[in-house]
Amino acid sequence: MCQVEFELACAAIKQLKGPVSDQEKLLVYSFYKQATQGDCNIPAPPATDVKAKAKWDAWNDKKGISKMDAMRIYVAKVEELKKNDTG
């Protein structure tokens with residue numbers, strides 16, 4: 001696993017044409033944040049901000065996963081989404 005593969009996956013996710021579920025979007029987002037920034041280091045948003053809270057929860061759930069492992073999982077998930085892309 002290298003930075004180039006991760007960057008290619010980051011570009012590839014933007015090219016998907018088929019629908020991606022909100023759960024899959026959150027999963028990909030959380031591994032991206034973990035890979036690029038490490039453990040969640042911002043305070044939780046208010047519960048009234050449903051979208052921000054969901055994103056925060058997803059990222060915070062990845063606490064403790066190394067940046068390299070998060071990159072690996074992110075790339076694997078993007079590859080899976082590419083295979084399932086119906087566009």
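The following legends describe close-up views of a predicted model of a protein chain.

**Figure 1. Confidence along the predicted chain.** The average pLDDT of the protein chain is 94, and 97% of the residues score at least 70. Among the elements of the chain, helix α1 has the lowest mean pLDDT, at 94. The highest mean, 97, belongs to helix α3, which comprises residues 50-60.

**Figure 2. The buried side of helix α1.** Helix α1 spans residues 3-13, and within it F6, A9, C10 and A12 are buried. These residues lie on the same side of α1, because they cover an arc of only 165° around the axis. The exposed residues V4 and L8 are carried by the face of α1 turned away from that buried side. Which helices help to cover the buried residues of α1? Among the covering elements are α2 and α4, the latter formed by residues 67-84.

**Figure 3. Surroundings of S30 in helix α2.** Residue S30 belongs to helix α2, which runs over residues 22-37. Is S30 buried or exposed? With a relative accessibility of 0%, S30 counts as buried. Apart from neighbours within four places in sequence, the residues in contact with S30 are A58, W59 and K62. P46 provides a further point of reference: P46 and S30 are 16 residues apart along the chain, and their C-alpha atoms are separated by 18 Å.

**Figure 4. K33, a buried charged residue without a salt bridge.** Helix α2 also contains K33. This lysine is buried yet takes part in no salt bridge. Where is the nearest side chain of opposite charge to K33? That side chain belongs to D39 and is 13 Å away from K33. A salt bridge requires a side-chain nitrogen within 4 Å of a carboxyl oxygen. When neighbours within four places in sequence are set aside, K33 is in contact with G38 and W59. Residue W59 is also in contact with S30.

**Figure 5. Cysteines C2 and C40.** How many disulfides are counted in the model? The count comes to zero. For two cysteines, the distance between sulfur atoms shows why no bond is assigned. The cysteine sulfur closest to that of C2 is in C10, but at 12 Å it is too far for a bond. For C40, the closest cysteine sulfur is likewise in C10, and the separation of 18 Å is too far for a bond. A disulfide would require the two sulfur atoms to be within 2.5 Å. The surroundings of these residues can also be described by accessibility: C2 is partly exposed, with a relative accessible area of 35%, whereas C40 is buried, with a relative accessible area of 9%. C10 is among the buried residues of helix α1.

**Figure 6. The salt bridge between D57 and K53 in helix α3.** Side chains of opposite charge can pair when their charged atoms come close. The count for this model comes to five salt bridges. One of them joins D57 to K53, with the closest N and O atoms 2.9 Å apart. What separates the two residues along helix α3? They are four residues apart, and therefore separated by about one helical turn. An α-helix has 3.6 residues a turn, so residues three or four places apart point the same way. Both partners are partly exposed: D57 has a relative accessible area of 29%, and K53 has one of 23%.

**Figure 7. The salt bridge between D69 and R72 in helix α4.** The side chains of D69 and R72 meet in a salt bridge, with an N to O distance of 2.5 Å. Because these residues are three residues apart in helix α4, about one helical turn separates them. D69 is partly exposed, with a relative accessible area of 35%. R72 is partly exposed as well, with a relative accessible area of 41%.

**Figure 8. K82, E79 and a network of salt bridges.** K82 and E79 form a salt bridge in which the closest N and O atoms are 3.3 Å apart. The two residues are three residues apart in helix α4, so they are separated by about one helical turn. K82 is partly exposed at a relative accessible area of 37%, and E79 counts as partly exposed at 33% relative accessibility. Which residues are joined into one network by salt bridges that share partners? The network consists of E24, K77 and E80.

Note on methods:
Residues numbered from 1 in each chain as written. Predicted model: local features only at pLDDT ≥ 70, side-chain atom pairs only at ≥ 80, totals over all residues. Heavy atoms only, no water. Buried < 20%, exposed > 50% of the residue type's maximum accessible area, 1.4 Å probe, protein only. Contact = heavy atoms within 4.5 Å. Lys, Arg positive; Asp, Glu negative; His and termini not counted. Arc of directions from axis to C-beta. pLDDT = per-residue confidence, 0-100.
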